[in-house]
Amino acid sequence: MFKIKKEISSIFHIPKYWQNSLRIDSLVNFSPMISFFLELLRPSSICEIGANRCENTIFLMESTEDVGTSIDVVDLKISRECRGIESCSRINFFEMPSLQYLKIKNSSELYIIDGDHNYQTVSSELQIIAQNNECKCIILHDTGWPAAYRNFYYDRCQLVVEEELDSNNLLSPFENNIGRGVLFTSHFSSHEGGERNGVRCAVENFLETSIRTWVVWTIPSILGLTILIDSSLLSKDQMRCLDIFTQYKKIWDEFLSGLEINRLMLLQALHDAGAEWDNNQAYIKEQNARLQKAHDALQRAGAEWDKNQAYIKEQNARLQKAHDALLRAGIIDSGAD
Ligand SMILES: C[S@@+](CC[C@H](N)C(=O)[O-])C[C@H]1O[C@@H](n2cnc3c(N)ncnc32)[C@H](O)[C@@H]1O
């Protein structure tokens, strides 16, 4: 965890709930926007689809304490972290696919969709939720890059997946970046764009056909967030607050987009550096193996040298002996005058 120096902490406006780590995947990073809508709507019930480690659930739980909001948490697998907040009487866990949950219960005022990130699932979720007249607001994560116009699949058992999928591969938001990008380990569509591809595509097609009066905001950040509100269910005061939000949002959208593209470049550069490091490690390993081979050959030559020295010494001794015998026999003289 990183801690900002206290001398400069006033420079930043760090929210109470965010992901203070190198991970950027949680919806909790959007807590300032979600808080705004929670305060505006004060929903009596929330359904959160996809909780993972409950980082966002804890934020929802703590920020709706004064309203006493009941929160249904739906996930294929209720994680160990979620078990830690099971004692909160306002929270109910449903360990099942979202579409199964929505068949048995569809009465919340606010929905948060962050489960499976593909067209099929998100379209079906939206269509079912829109039939619930109590629903005032739907908040969707992952309407930005990379799942905006590319299907990602957590749970292929529940779906008929007919398209070609890729996994463990690099994805880049930039043109001509073949072989470069950010690594994603899940299963995803092998191409971007086209029909019935991605979370945002599902939202766009839903809005085209929905008969309800949705007002829509999309935050242009990595992963992205889209908020749908049925304006027919809001008071005049609530609509006035939303107008102010819309005006400020326009200013911040361009600023945020620049920051986010820069963050994507940095992320990609980080992955490039990692790949370069891996390549270098392979080269270093190869050179080490060659060095070891040369070292072994030198050792063998050294042992041979030692062996030859012993043999030369022995031969010298024999020569000396023969020389002495010849001297004694007077066959040669010592050579001394
Ligand atoms: C990206 S994570 C959610 C992260 C969480 N919302 C947060 O912001 O920290 C997606 C979660 O959705 C769950 N999931 C995937 N497909 C689902 C489905 N069809 N129904 C319910 N949950 C699903 C996964 O098990 C996973 O925990």
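Which residues are the closest to the ligand? In this predicted model, they are S26, L27, G50, G115 and D116, and the full set surrounding the ligand comes to 22 residues. Sorted by class, that shell holds 8 nonpolar, 7 polar and 7 charged residues. Two elements that each put at least two residues into the shell are helix α2, residues 55–63, and strand β2, residues 70–75.

Stepping back to the whole chain, there are 7 helices and 10 strands to keep track of. The chain is more spread out than a compact globule, because its radius of gyration is 35 Å, well over the 20 Å that the globule rule gives for 337 residues. The extent of the C-alpha trace fits into the same story: along the principal axes, the trace spans about 135 × 55 × 45 Å.

Now for the strands. Strands of a sheet pair through backbone hydrogen bonds, and the pairing can be parallel or antiparallel. Here, an open sheet of 3 strands runs in the order β6-β8-β7, and its pairing is antiparallel. The edges belong to β6 (152–153) and β7 (165–171); each has a single partner strand, so one side of each is left without a neighbour in the sheet. Between β7 and β8, the latter covering residues 182–189, the antiparallel pairing is made over 6 bridges. One of the residues involved is L165, whose bridge partner in β8 is S189.

Helix packing comes next. Helix α5 (residues 119–130) packs against helix α6 (residues 199–209) at an angle of about 35°, and the two axes are 8 Å apart. The crossing of this pair is right-handed. On the α5 side, the contact is made by Y119, V122, S123, L126 and Q127, while α6 brings in V199, C201, A202, N205 and F206. Of the residues in this contact, 7 are nonpolar and 3 polar, with no charged ones.

Finally, a couple of backbone oddities turn up in loops. As background, most residues other than glycine have a negative phi, and most peptide bonds are trans. N52 goes the other way, with a positive phi of about 50° although it is not a glycine. This residue, N52, sits in the loop between β1 (45–49) and α2, the helix that also contributes to the ligand shell. The other case is the bond joining W145 and P146, a cis peptide with omega of about 10°. P146 lies in the loop that runs between β5 (137–141) and β6, and β6 is one of the edge strands of the sheet described above.

Terms used: Residues are numbered from 1 along each chain as its sequence is written. This is a predicted model: local features need pLDDT of at least 70, side-chain atom pairs count only at pLDDT 80 or more; totals for chains, interfaces and linings use all residues. A residue is near a molecule or strand if its C-beta atom, placed from the backbone, lies within 6 Å of it. Helices (H or I, at least four residues) and strands (E, at least two) are DSSP runs, numbered from the N terminus. Ala, Val, Leu, Ile, Met, Phe, Trp, Tyr, Cys and Pro count as nonpolar, Asp, Glu, Lys and Arg as charged, and the others, Gly among them, as polar. Two strands pair if DSSP finds at least two bridges between them. Axes are lines fitted to C-alpha atoms, for helices over the stretch in contact, and angles run from 0 to 180 degrees between N-to-C directions. A crossing is left-handed if the near helix is turned anticlockwise from the far one by less than a right angle, and right-handed if clockwise. Two residues are in contact if their C-beta atoms, placed from the backbone, lie within 7 Å. The radius of gyration is taken over C-alpha atoms; the globule rule is 2.2 Å times the number of residues to the power 0.38.
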